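Please look over the sequence and the model shown here before reading on. The account below is meant to be followed with both in view.

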Amino acid sequence: MTVLAHRFREPSVIPGFGITLGVTLAALGLVVLIPLSALFLKAAGLGFSGFIATAFDSRAMAAYGLSFGAALVAALVNLFFGTLVAWVLVRYRFAGKRLLDALIDLPFALPTAVAGIALTTLFAPNGAFGAFLEPLGIKVAFTRLGVILAMIFIGLPFVVRSVQPVLEDLESEVEEAAASLGASRLQTLWLVVLPSLLPALISGFALAFVRAVGEYGSIIFIAGNMPGQTEIAPLLIIIKLEQYNYAGATAIASVMLIISFVLLFVINRLQHWRQSRMEGR
Amino acid sequence: MTRNSSRNEPLLVRGLLICVALSYLGLFLGAPLVTVFAEAWAKGPETYFKALGQADSLAAIRLTLITAAIAVPINLVFGLCASWAIAKFEFKGKSLLMTLIDLPFSVSPVISGLVFVLLFGLQGWFGPFLAEHGIKLLFAVPGIVLATVFVTFPFVARELIPLMQEQGREEEEAALMLGASGWQCFWHITLPNAKWGLMYGVLLCNARAMGEFGAVSVVSGHIRGLTNTMPLHVEILYNEYNFVAAFAVATLLAALALLTLVAKSLMEWRFAAELNSTRRL
């Protein structure tokens with residue numbers, strides 16, 4: 001046992017490796033890996049043509065389009081405003097800053113159903129914001145715009161929280177050097193600050209995007225849920241389940257999972273590659 | 001504090017950026033939060049407390065507390081084991097293990113529920129076996145707990161691993177050399193060092209466990225008074241146009257979220273102060 005263990009780990013005087021790793025692997029297997037593999041085995045059991053037919057019919061395609069399209073728009077909005085918020089929180093001093101900083105994590109802590117009914121009430125035609133937007137011809141609740149809005153809420157903390165620490169650690173000398181060498185403030189921001197924020201921006205964007213694609217609770221109240229129009233992919237999974245169409249639910253879930261995993265993997269590699277290139281320089 | 005002009009924008013730009021950030025956060029975070037409380041109290045305190053005192057509401061509150069009371073300790077034990085194995089030892093496949101632990105973060109809540117239906121549903125792997133022996137996991141409390149454990153699986157581990165990695169293992173090694181046992185080492189050195197991260201992880205885990213909607217919605221079966229958690233109860237009340245009652249239950253969840261954020265901020269300030277004092281020494 002010990003001989004075997006030493007082959008794949010470095011020797012250490014600290015005890016408890018076997019038991020803690022054992023518990024970790026057992027829990028991971030039972031809670032996460034076996035259930036997830038059940039999904040993929042079930043999907044594999046559908047056969048290739050059966051899978052394609054259920055996973056890519058017109059209703060499912062519309063749902064993917066909405067889920068991924070709206071998530072992309074929401075993540076882009078959060079990329080821009082999240083960076084701005086992080087910048088303001090790190091660089092400027094103003095009253096209530098600490099309170100604001102604490103409030104950023106609200107979408108992590110507030111249950112999604114609560115966020116959903118609150119946003120719907122605000123943006124419904126007779127709501128506080130809805131009543132103001134309705135005369136302008138802007139309909140938010142029960143349209144695609146509502147879906148995007150809920151996704152912006154749910155993804156808000158990711159970009160802020162990934163950019164904030166990098167911005168705090170940024171050496172002031174670099175910006176001062178750029179300025180003293182004659183760069184304008186905008187040039188400094190674009191050519192010096194932005195490139196060093198890039199990895200944090202990418203990972204914050206990706207996390208917000210993946211979270212928004214899978215989000216369910218905060219969206220279903222505001223979306224209106226019209227098939228082909230405002231029906232998100234997670235809702236379609238639930239509808240299939242309620243019809244006892246397990247195969248259909250599994251096929252759609254697999255497509256969503258594979259796209260999300262591939263995306264996270266690509267971004268992880270990208271970060272890795274960037275990091276090794278930076279260190280090599 | 002001296003201000004360096006090369007690192008600062010003109011007053012007008014600064015003010016504008018702060019205003020944009022404030023309106024963005026006010027629109028997406030402040031307004032929904034205020035709405036929850038305003039709607040709940042719209043018809044006065046009597047209606048509010050009557051809505052909370054209903055038998056179904058009380059049953060939902062009880063079920064949510066039970067679920068969190070089981071799911072959080074499971075993930076606490078798992079998180080401690082995983083972070084001990086990962087932070088205190090060097091072994092092959094470590095980064096793969098960390099990626100697998102984070103997996104539930106990128107899985108849609110609906111899919112997290114679906115995998116348990118595929119395992120334990122009547123058409124699922126273990127469904128026929130469970131039905132034969134009269135064990136009911138799905139559409140019952142055990143299924144709700146399982147789905148909650150899956151969704152909150154990474155929370156404690158994710159907070160602890162980076163913290164314990166940063167603290168290294170010199171202190172533990174020294175204690176062991178001086179004759180401490182593994183347990184003594186854990187209780188007197190590792191645990192006190194990691195306590196803030198641990199508490200924050202448990203808090204976030206608890207907030208998510210009590211607020212989870214999508215995954216629980218799939219496995220619960222929505223039986224009033226029996227398998228309805230608080231977020232599910234909010235949905236049912238809202239869909240019955242019983243808005244005051246829906247928002248009344250929602251205020252409890254929102255208060256939990258606010259409490260989580262306050263505790264988190266207090267810990268961060270405490271932790272920062274502790275870090276500063278050790279650095280000064």
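What follows moves from the fold of one chain to the domains, then to the contact between the chains and to some local details.

The model is a predicted one, and chain B is a convenient place to begin. Chain B contains 14 helices and 0 strands, so that, read from the N terminus, its elements run α-α-α-α-α-α-α-α-α-α-α-α-α-α under the run-based assignment of helices and strands. The C-alpha trace of chain B spans about 60 × 60 × 30 Å along its principal axes, and 43% of its 281 residues count as buried. When contacts in chain B between residues at least 6 apart in sequence are considered, 75% of them join residues at least 24 apart.

The domain assignment comes next. In chain B it gives domain 1, covering 10-40, and domain 2, covering 45-280, and the C-alpha centres of these two domains of chain B lie 30 Å apart. The contact between them takes 5 residues from domain 1 of chain B and 8 residues from domain 2 of chain B; on the side of domain 1 that touches domain 2, the residues divide into 4 nonpolar, no polar and 1 charged. Chain A is likewise divided, into domain 1 (15-44) and domain 2 (50-280), with 29 Å separating the centres of the two domains, taken over C-alpha atoms. Here 4 residues of domain 1 of chain A are in contact with 5 residues of domain 2 of chain A, and the side of domain 1 that touches domain 2 has, by class, 3 nonpolar, no polar and 1 charged residues.

From the domains we turn to the contact between the chains, which takes 72 residues from chain A and 74 residues from chain B. On the side of chain A that touches chain B, helix α2 (residues 17-44) of chain A gives the most, with 14 residues, and the residues of that side divide into 54 nonpolar, 11 polar and 7 charged.

One helix pair shows part of this contact in detail. Helix α4 (residues 58-91) of chain A packs with α1(B) at an angle of about 120°, the two axes being 9 Å apart, and α4(A) and α1(B) are therefore oblique to each other. The crossing of α4(A) and α1(B) is left-handed. In this pair, A:F81, A:L84, A:V85 and A:V88 of α4(A) meet B:L17, B:I18, B:V20, B:A21, B:Y24 and B:L25 of α1(B), a contact that by class has 10 nonpolar, no polar and no charged residues.

Helix α1 (residues 11-40) of chain B also holds B:L29. Why does B:L29 count as buried? The cut-off is 20 or more other C-beta atoms within 10 Å, and B:L29 is buried because it has 21 such atoms within that distance. Leaving aside its neighbours within four places in sequence, B:L29 is in contact with A:L103 and A:L106.

Back in chain A, helix α13 (residues 233-242) has 7 of its 10 residues buried, so it is largely enclosed by the rest of the structure. The buried residues of α13(A) are A:A233, A:P234, A:L235, A:L236, A:I237, A:K240 and A:L241. Just after α13(A), the backbone at A:Y244 takes a positive phi of about 55°.

Terms used: Residues numbered from 1 in each chain as written. Chains lettered and ligands numbered in written order. Predicted model: local features only at pLDDT ≥ 70, side-chain atom pairs only at ≥ 80, totals over all residues. Contact = placed C-beta atoms within 7 Å. Helix = DSSP H or I, 4+ residues; strand = E, 2+ residues; numbered from the N terminus. Nonpolar A, V, L, I, M, F, W, Y, C, P; charged D, E, K, R; others polar. Domains from an automatic or database assignment. Buried ≥ 20, exposed ≤ 12 C-beta atoms within 10 Å, placed from the backbone. Axes fitted to C-alpha atoms, helices over the stretch in contact; angles between N-to-C directions. Parallel < 35°, antiparallel > 145°, perpendicular 65-115°, else oblique. Left-handed = near helix turned anticlockwise from the far one by under 90°.
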